[in-house]
Amino acid sequence: MFNVKGSIVALITPFHSDGSVNFEKLGELLEFHVSNQTDAILVLGTTGESSTMTHEEDDSVVEYTLKKINGRIPVIVGSGSNCTETAVQKSIKYSEMGADALLVISPYYKNFTFPIRPTPFSFSVQQENQVQ
Amino acid sequence: MTHEEDDSVVEYTLKKIAGRIPVIVGSGSNCTETAVQKSIKYSEMGADALLVISPYYNKTNTQGMIHHFTAIADAVSVPVILYNVPGRTGCSISEDAIRTLCKHPNICGIKEASGNIGYATAIARYLSDDFVMYSGNDDMIIPLMSLGAIGVISVWANIMPREVHQLVMDYLNGSPQKALEAQLRYLNLIHALFIEVNPIPVKEALNLMGMNVGGYRAPLFPMDAHNHQTLADAMKEVGL
């Protein structure tokens, strides 16, 4: 299992002045951490402002980070959501992309924004009671 | 729910209600840009007002809070109701932010659900005809009305709309004692409706009443058996 010892940086996401992701700076930050003994990288955490990034931006940050780090230290990706189905889908995607581990937040508030269509996933109260 | 489902619910509701009573639409998000876009869309669709949550989970500072709500209120022409529920969001809309936001011509009020009477009292100083307060807690309708709230945005009303309406009207029309009696008479039931995370119990209550509203989407989950019994007993106690 994943058992990295040491300092895992909850990395900020650098932005250009127009608000778009600054990948060049992201690359610099990643190299800065590798050369300063950070033991693992966490992208798309709360510190990475994932709440205000699109799914497409999330994906690009993960892709860029994994390529740039290239196995030198582990990369952990925040894949949580307050919608279980969204969290499952993001977790599958990032694990397939090569994340070394996933950081999954507990369900906060309620989801208003949901670009990915969920598969129908509802519990019938009656069925659930029968199971119990 | 997906954005497409959100839109369909708003469209259906507005068409079905057809102006008979106002329709308020929740258009908030913890991403300001998303909240602005949703607010524009729903106001164009015909919503009478918007209910806008403070940035939950990611949170912000006082200036960020002011900017968030101002950006939304500037983008639309319909009234915006602020929604303060720190128990869910992890952040309260500070009194300083309220002092600024209450002056915005499109910000018409606040749904106050902190459960903190001290906070509600502080906010009460900013109330006027142009900035009203609604209780966001069913178990605190009377306390908040004593501070000037003019009603409640209610979970309880899902199962007892007449009683909730009557409680508020009694208070406003000079019978606060009668309103208080209703608040206390139904307090066990109100507590039972929040024995687990809302809306788990209220949906179960509607199902117990035979209204067949269905289940939940994960992470919401059917009620614990013991809590279910508590809810059923509380409903029976008031004749439901």
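**Stop 1: a nonpolar patch on chain B.** Select Met209(B), Met211(B), Val213(B) and Leu240(B) in this predicted model. Together they make a nonpolar surface patch of about 310 Å². Now keep Val213(B) alone. Find it in the loop that runs between α11 (200-208) and β7 (216-217) of chain B. Is Val213(B) buried, exposed or partly exposed? Val213(B) has a relative accessibility of 37%, so it counts as partly exposed; the bounds for that class are 20% and 50%.

**Stop 2: the sheet.** Switch to cartoon view and stay on chain B. Six strands form an open sheet here, and their pairing is parallel. Trace the order: β1-β2-β3-β4-β5-β6. Which strands are at the edges? Select residues 24-26 for β1 and residues 151-152 for β6 of chain B. Each of these edge strands pairs on one side only.

Next, add residues 49-53 of chain B, strand β2. β1(B) and β2(B) run parallel and are joined by three bridges. To see the register, pick Ile24(B): opposite stands Ala49(B), in β2(B). Strands of a sheet pair through backbone hydrogen bonds, so display the backbone atoms at this stop.

**Stop 3: inside strand β5.** Select residues 132-135 of chain B, which form strand β5. Center on Ser135(B), which lies in this strand. Its relative accessible area is 0%, so Ser135(B) is buried. What does Ser135(B) touch, leaving out residues up to four places away in sequence? Show Glu112(B), Met140(B), Ile141(B) and Leu144(B), which are among its contacts. Then add Ala149(B), Gly151(B), Val152(B) and Ile153(B), which Ser135(B) also touches. Val152(B) falls within the residue range of edge strand β6 (151-152).

**Stop 4: the loop before β5.** Step back to Asp129(B). Its place is in the loop between α6 (117-124) and β5 of chain B. With a relative accessibility of 79%, Asp129(B) counts as exposed, whereas Ser135(B) is buried. Now draw a C-alpha to C-alpha distance from Asp129(B) to Cys108(B): it reads 8.4 Å. In sequence, these two residues are 21 apart.

**Stop 5: confidence.** Color both chains by pLDDT. Chain B has a mean of 97, and 100% of its residues reach 70 or more. Chain A averages 86, with 83% of its residues scoring at least 70. Where does chain A fall below 50? Select residues 111-132 of chain A. This stretch still has 45 contacts in the model beyond near neighbours in sequence. For the model, the scores are ipTM 0.83 and pTM 0.88.

Definitions and conventions: Residues are numbered from 1 along each chain as its sequence is written. Chains are lettered from A and ligands numbered from 1 in the order in which they are written. This is a predicted model: local features need pLDDT of at least 70, side-chain atom pairs count only at pLDDT 80 or more; totals for chains, interfaces and linings use all residues. Side-chain values use heavy atoms; hydrogens and water are left out. pLDDT is the predictor's confidence in each residue, from 0 to 100. Contact means heavy atoms within 4.5 Å. Patches are made of residues with over 30% relative accessible area and no salt bridge: like charges are joined within 9 Å, nonpolar side chains (Val, Leu, Ile, Met, Phe, Trp, Tyr) within 5 Å. Accessible areas come from the Shrake-Rupley method with a 1.4 Å probe; for residues, only the protein chains shown count as cover. A salt bridge is a side-chain nitrogen of Lys or Arg within 4 Å of a carboxyl oxygen of Asp or Glu. Helices (H or I, at least four residues) and strands (E, at least two) are DSSP runs, numbered from the N terminus. Buried means under 20% relative accessible area, exposed over 50%, partly exposed in between (1.4 Å probe, protein chains only). Two strands pair if DSSP finds at least two bridges between them.
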